[in-house]
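Reader: I would like a close look at a single part, the surroundings of the bound ligand, and then at how those surroundings are tied into the rest of the chain. Please take the contacts one by one and give the cut-offs as you go.

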Amino acid sequence: MTTTSALDCQYRPRHHYTADRSWLNDPNGLVYANGTYHLFYQHNPSGTVWGNMSWGHATSADLLHWDEQPVAIACDEQEAIFSGSAVLDKTNTSGFGTPDNPPLVAIYTSAYTPASPLNGRQAQSLAYSTDNGATWTKYDGNPVLDRASADFRDPKVFWYDGSAGSYWVMVAVEAVDREVVLYKSADLKTWEYLSTFGPANATGGVWECPDLFELPVDGDAGNTKWVLVVNLSPGGIAGGSGGQYFLGSFDGVAFTSETTVTQGIQQDDSRMAEYGWLDWGRDYYAAVSFSNAPGGRRLMIGWMNNWQYGAVTPTSGWRSAMSLVREVRLASRDGAVALVQAAVDPYGSGGATTYSEAGTALAVGTRWLPAEASGDVLRIDADIVPGTAGEVGLLLRADGGERTVLAYDSGRGVLSLDRTASGNTAFHESFASVQRVAVPLEDGRLRLRVFLDRCSVEVFAQDGLATITDQIFPGESSTSLAVFAEGGGATLVSLDVVRTRSHA
Ligand code: FRU
């Protein structure tokens with residue numbers, strides 16, 4: 001974790017990656033190679049707002065502690081380096097390395113400037129590294145895929161090995177057309193068109209940063225589904241930027257969705273809650289997965305921000321953090337296949353439980369918890385039986401009237417995160433808001449895992465069946481935690497507050 005700078009300690013996250021002194025947006029080129037996880041990202045090396053788009057770089061051995069590295073791929077006069085992916089080219093199909101030293105290959109979008117003959121276009125380009133990601137060389141045959149489009153971007157490349165053969169597949173977007181376009185290649189340099197998916201489901205904003213991967217259902221390798229991730233902005237479920245997904249199949253040529261509710265580019269707002277969403281909060285965007293993660297794990301990171309107000313969040317010296325890393329799985333729940341997510345837990349080995357209670361009745365009203373349960377960097381696990389309470393929940397990062405309210409409405413079966421009184425919300429008119437997701441009780445219970453960091457809340461409900469990720473900017477003294485019930489009594493089956501040991 002890069003927290004060496006003294007700049008703006010108040011909001012600088014403890015467990016979330018930030019660039020030391022600048023702006024970041026989308027995670028790019030997430031790849032594991034030789035014991036190292038690489039996190040590249042959209043980065044302005046010389047400012048705290050979007051611009052000079054280059055790939056920043058950080059590395060980690062454990063997905064928890066990140067070390068910032070020098071800029072990996074820098075913009076130049078002719079092109080900005082927009083989002084994309086990276087692969088370990090194990091058999092050196094590209095010829096950029098050797099069989100003994102396979103290259104890392106980045107596939108990124110060249111956003112051409114007026115200084116380029118391709119001014120105004122977006123096309124896909126390559127850069128490669130033969131020293132484990134330390135230095136990168138742009139391919140002299142760039143771009144490798146040009147559709148003469150102004151909005152063709154965000155290539156995610158993976159190795160397909162199935163009934164149709166073995167080759168590289170690229171998923172990218174025609175952003176304005178709300179289309180995911182698929183191509184294949186033997187060597188990453190020459191690409192052949194396969195198919196187009198979309199528009200479908202949420203189309204209220206441009207489609208960006210797609211991803212496509214196969215996952216076993218309930219861990220059964222003989223029963224898999226493909227997940228097509230399509231981020232969009234605006235038009236997300238909570239307003240502004242968001243990430244939707246489709247479940248279906250991929251035959252090596254085309255993705256066939258089983259979860260398409262609406263087709264075409266006409267946005268039907270009344271159906272939004274029926275679509276698959278990676279997160280129901282305001283601040284989880286451009287989420288994509290790691291390539292080559294060990295153990296077949298599907299690990300994703302999102303940009304913990306929103307284009308609606310991303311440029312004006314009240315931090316100084318740096319702006320925007322990444323989400324925690326999430327492991328994504330498919331699980332049968334209530335007869336349907338659901339996407340479930342679990343954070344790679346910063347408190348796993350370095351945490352200490354400082355407050356616990358179990359089997360307590362929650363009377364109507366608000367009960368403030370003792371000092372051991374307070375803090376700005378915590379994991380909170382709550383297992384609640386709402387009982388006769390109309391509403392039950394937690395007041396997070398609270399101090400007097402300032403609080404972020406995580407509430408469950410038993411009548412409606414809806415979990416909400418209300419940041420209207422969370423602290424500084426005035427920096428943008430659309431920031432103060434309440435995020436909601438329908439969450440059915442399981443055996444009469446609601447299980448919540450909440451990660452608080454200095455400027456964020458990530459909620460995982462019912463073991464990751466639904467998540468809500470929101471930034472908040474509370475005052476420094478807003479560290480209290482309370483439980484509340486309204487309209488009737490509830491039971492707190494258990495509540496555990498975990499904090500990081502200082503050396504972790
Ligand atoms: C998504 C996005 C991408 C683009 C990048 C530019 O947030 O707009 O589509 O490649 O950001 O920084």
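How far from an oxygen atom of the ligand does a backbone N or O atom of serine 83 lie?

Author: The distance is 3.1 Å, from a backbone N or O atom of serine 83 to an oxygen atom of the ligand. Before going further, please keep in mind that this is a predicted model, in which local features need pLDDT of at least 70 and side-chain atom pairs count only at pLDDT 80 or more, while totals for chains, interfaces and linings use all residues. Residues are numbered from 1 along each chain as its sequence is written, and side-chain values use heavy atoms, with hydrogens and water left out.

The distance for serine 83 falls under the heading of a polar contact, which is a pair of N or O atoms within 3.5 Å; within protein, one atom must be able to donate a hydrogen and the other to accept it, and residues adjacent in sequence count only if both atoms are side-chain atoms. Two side chains also approach oxygen atoms of the ligand: a polar atom in the side chain of aspartate 26 lies 2.7 Å from one, and an N or O atom in the side chain of tryptophan 307 is 2.8 Å from one. The ligand taken alone exposes 320 Å², of which the protein buries 95%, with areas from the Shrake-Rupley method and a 1.4 Å probe.

The shell around the ligand, counted as residues with a heavy atom within 4 Å of it, consists of Asn25, Asp26, Gln42, Trp50, Met53, Phe82, Ser83, Arg153, Asp154, Glu208, Tyr285 and Trp307. Strands β1 (23–33), β5 and β9 each supply at least two residues of this shell; helices (H or I, at least four residues) and strands (E, at least two) are DSSP runs, numbered from the N terminus.

Strand β5 is a good place to see how the shell continues into a sheet. Four strands form an open sheet in the order β5-β6-β7-β8, with antiparallel pairing, where two strands pair if DSSP finds at least two bridges between them. At the edges stand β5 (79–88) and β8 (137–138), each of which pairs on one side only. The antiparallel pairing of β5 with strand β6 (residues 104–112) runs over 9 bridges, and within it glutamate 79 stands opposite tyrosine 112 in β6.

Arginine 153 and glutamate 208, both members of the ligand shell, also meet each other in a salt bridge with an N to O distance of 2.6 Å, the term standing for a side-chain nitrogen of Lys or Arg within 4 Å of a carboxyl oxygen of Asp or Glu. Because arginine 153 belongs to strand β9 (residues 152–162) and glutamate 208 to strand β13 (residues 206–217), the pair ties together parts that are 55 residues apart in sequence. Both arginine 153 and glutamate 208 are buried, where buried means under 20% relative accessible area, exposed over 50%, and partly exposed in between (1.4 Å probe, protein chains only).

The structure holds 26 salt bridges, and two others can be set beside this buried pair. Glutamate 442 bridges to arginine 333 with the closest N and O atoms 3.1 Å apart. This pair links distant parts of the chain, with glutamate 442 in the loop between β28 (434–438) and β29 (446–453) and arginine 333 in strand β20 (residues 326–333), 109 residues apart. Glutamate 442 counts as partly exposed, at 21% relative accessibility.

Aspartate 376 and arginine 454 meet in a salt bridge of 3.4 Å, N to O. Here 78 residues separate aspartate 376, in the loop between β23 (365–368) and β24 (378–385), from arginine 454, in the loop between β29 and β30 (456–461). Aspartate 376 is partly exposed with a relative accessible area of 23%, and arginine 454 is partly exposed at 21%. Back at the ligand, salt bridges that share partners join Asp151, Arg153, Asp154 and Glu208 into one network.

Strand β20 deserves a last word, since it also holds arginine 326. That residue has 0% relative accessibility and counts as buried, and its side chain makes polar contacts with the side chains of aspartate 279 at 3.1 Å and threonine 467 at 3.2 Å.
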